[in-house]
Amino acid sequence: MASLVQFFSVILQFPFIIICCMSLKSSPRPYIVYMGSSSNISGGDDLSSHMQLLSSIIPSEESGRRFLLNSYNHALKGFSAMLTENEASVLSGYDEVVSVFRDPILKLHTTRSWDFLEADQDSEFRSNIFPHDQKTADVIIGIIDTGIWPESPSFDDRRLGKIPSKWKGVCMDGSDFNKSINCNRKLIGARFYPNLETQSHGSPRDSVGHGTHTASIAGGSWVPRASYYGLARGAARGGLPAARIASYKACTEEGCAGSIILKAIDDAIRDGVDIISVSIGMSSIFESDFLSDPIAIGAFHAEQNGVTVVCSAGNDGPDSYTVVNSAPWIFTVAASTVDRDFRTRIILGNNDSYEGSAISFSPLKAGERYPLAFGEKVASSFTPASDARNCIPGSLDSKKVAGKIIVCVNEDPNVSRTIKKLVVEDAKAKGVIIIDQELQNAPFDSGTYPFSQVGLTIGSKILHYINSTKNPSATIVGPLEIRHVEPAPVVASFSSRGPGGLTENILKPDIMAPGVAILAAFGQGIKLNNYDAPGNKSSAFSIRSGTSMACPHVSGAVAFVKSVHPNWSSSVIKSALMTTASITNNMRNNLTNSSDTSASPHEVGSGEIRPVKALDPGLAFETTTEDHLRFLCHNGYKQKAIRSISKDKNFTCPKVSSEELISSVNYPSISIARLSRREGPRKVKRVATNVGFSPNATYFVSSVNAPPGLLVKVAPRTIVFTESVGTASFKVFFDGKEANKGYNFGDVVWFDGGSHVVRLVFAVNVE
């Protein structure tokens, strides 16, 4: 029986194996049946029609399966249910069905950051608009995540007025959640979604901490003297402290069912949120097409209804083609560092001292020394040296390890820092030092267990000391908080990179925001597995890293801009943040990545967000719903399916549709997937809208920054706006005849001679 379970677990991990095993009898599994746009945002009851459709394909002898797991009937239509592969195939042929696909399990992409983002902004201007002006209080941020810890001081409502009248959502009672006590004028909504295992009980309460953390980054209230066991001490706040929060618990620690995420997005649109923040995504290895991806589907309908959807880019970096949530109607966010770091100090027996990366509340003392050993020298019997040096489970001899500090290398990407720490800890080691060839810039939180991570340079010195010393010893002390680190920001090593796997004609990610070692709220009663907290006490705040943390920074920035410009569309706000983004660090040099080389737009998008600058961008490149529909046409989707998802049932695809025409969709950046050296110049069109305070404005091209050999021309080079003419179009011509093969990056900069500098980034792949 155990071997059979292992066999099926392998199949579930590698869906392509299923293709080779069609002879196995298909058993019912959760599927999503997507039926396009709903005509009734208020929630017309489609349950009966959904049930009728389901009953038509499930045989009567299996009538126990004739029930809906979820029903979508607000912004979109559809349902999820238990279906066999054959039943799903039959349903996909129905006229009213757009797509049918397996319900995927998505993963979570898991203070000082806001101060760092605004460090170069005008302080007087910032003080006039931040943070508690009541006119900014009517922005509602929906957080789709693991729930909420309502007692956190980040959700205090004492400075807020009454709940906005546009709010139509609910606060649900739960087994450990009282809606009368736990919801307030800050946390105005809290939903949870029962699944097959928890039909009779549940709660909006966060038992993981991830949802609480992301919610407080986006819109948490001001909390003075916040810290993580004394680290990162200061005031904690969200991007818009006056924002209202609506929590949608769609995830657990194990992951997030796509059908529930789609339900949460559908509910959030009806509830009246302005922004939906989703720090979740599919695996970059098995990314689905746009109409079989629950986040892409839900985000499309949100955008149609004027709701901005901000998503994390993923944590599969630093490899290329790993970015997820890459649909053009999604605001896709990469992660960066801030100018603060957390380290530990390694002191060797010869008193040489080195700093490593970690958040480690080590109980070891600077004056103490413990035996120091390399993993391969304390291997268990018959274990390959390569396994022991990587501290793979089962590779170390606990009798040789006990009482020592063990040095491991990080050559195997499948053995995480967490696993290495648990392996040596279980063998009764005093601590662990990890040598990483590509030093990650996200410090690992080891709790009270002594831990440090170093690069090859320091690592080789430690190994030389071990090999040249009869009784090598060391200690690990910390934590050390380092402020004003340079350079910063730097692209996080884990942050997923572009180009997008589904289309390279849209530049992804869109933008970058802080996502490394971010201090934010955490449930004080949440107990983490395999984590020994200082003093065995929980903390009201936590320090975490991931594009999960970068995403709500942008959600908060969108809320901030919308609070000042409530009539701006979702795409205008997105454009404002992208075209005003920074491409320099705190040393006034170009942004770099974790390898200390220049960062490209496939890593940073348009750059690091500057929320205050985005309040007055001058120009905007507005991407309309019709642009998104044409994008689907150019991407090869059938007109019938596109009409089904559109509110405009008479929409017609252009007579000429091709993938290369995606580059002319009116996006706030430019990407060309293939530019042949032999074809001559490629033309890309953009339409700019004047959103400056004066209707009369003239902009000219102040610079075109392109690599040698790539010829870039703009026509016209001057665009004029008046009270009667609020938009202007221009064309950008790219000629790669003499350019280097591969991706070439640069930008076109428009300037009005005053305060408005509008930067349009491009990525061109020359073949």
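**Aromatic pairs and a buried isoleucine in a predicted model**

The protein chain has 19 helices and 37 strands. Please keep in mind that this is a predicted model.

User: Happy to start with the overall picture. What radius of gyration does the protein chain have, and what would a compact globule have?
Analyst: Good place to begin! The C-alpha atoms fill a box of roughly 80 × 75 × 60 Å along the principal axes. For 767 residues, a compact globule would have a radius of gyration near 27 Å, and the chain agrees with that, at 27 Å.

User: How much of the protein chain is made up of buried residues?
Analyst: Let's take the surface before the interior. The accessible surface of the chain comes to about 30,500 Å², and carbon and sulfur atoms account for 50% of that. Of the 767 residues, the buried share is 59%.

User: How many aromatic pairs does the structure hold?
Analyst: Rings pair if their centres lie within 6.5 Å. Counted this way, the aromatic pairs in the structure number 14.

User: Is the pair of Tyr229 and Phe361 stacked or edge-to-face?
Analyst: The ring centres of Tyr229 and Phe361 are 5.6 Å apart, with 75° between the planes. Planes over 60 degrees apart fall in the edge-to-face class, so this pair is edge-to-face.

User: Where in the chain do those two partners sit, and how many residues apart are they?
Analyst: Tyr229 is in the loop between strand E8 (223-228) and strand E9 (231-236). Phe361 is in the loop between strand E19 (359-360) and strand E20 (370-374). The pair therefore links distant parts of the chain, with a separation of 132 residues.

User: Which of the two is buried, and which is partly exposed?
Analyst: The cut-off for buried is under 20% relative accessible area. Tyr229 has 26%, so Tyr229 is partly exposed. With 12%, the buried partner is Phe361.

User: Phe734 and Phe762 also form an aromatic pair; what is the angle between the planes?
Analyst: Phe734 is buried at 0% relative accessible area, and Phe762 is buried at 0% too. Their ring centres are 5.2 Å apart in an edge-to-face pair, and the angle between the planes is 70°.

User: Which residues form one aromatic cluster with Phe631, and what is the C-alpha distance from Phe631 to Ile662?
Analyst: Phe631 shares its cluster with Phe290, Phe300 and Trp329. Ile662 is buried, at 0% relative accessibility, and its contacts include Phe631, His634 and Asn635. Ile662 and Phe631 are 31 residues apart in sequence, yet their C-alpha distance is 5.7 Å.

Definitions and conventions. Residues numbered from 1 in each chain as written. Predicted model: local features only at pLDDT ≥ 70, side-chain atom pairs only at ≥ 80, totals over all residues. Heavy atoms only, no water. Phe/Tyr/Trp six-rings, centres within 6.5 Å; stacked < 30°, edge-to-face > 60°. Helix = DSSP H or I, 4+ residues; strand = E, 2+ residues; numbered from the N terminus. Buried < 20%, exposed > 50% of the residue type's maximum accessible area, 1.4 Å probe, protein only. Contact = heavy atoms within 4.5 Å. Rg over C-alpha atoms; globule rule 2.2 N^0.38 Å. Areas by Shrake-Rupley, 256 points an atom, 1.4 Å probe, with all protein chains shown as cover. Lists of a residue's contacts leave out its neighbours within four places in sequence.
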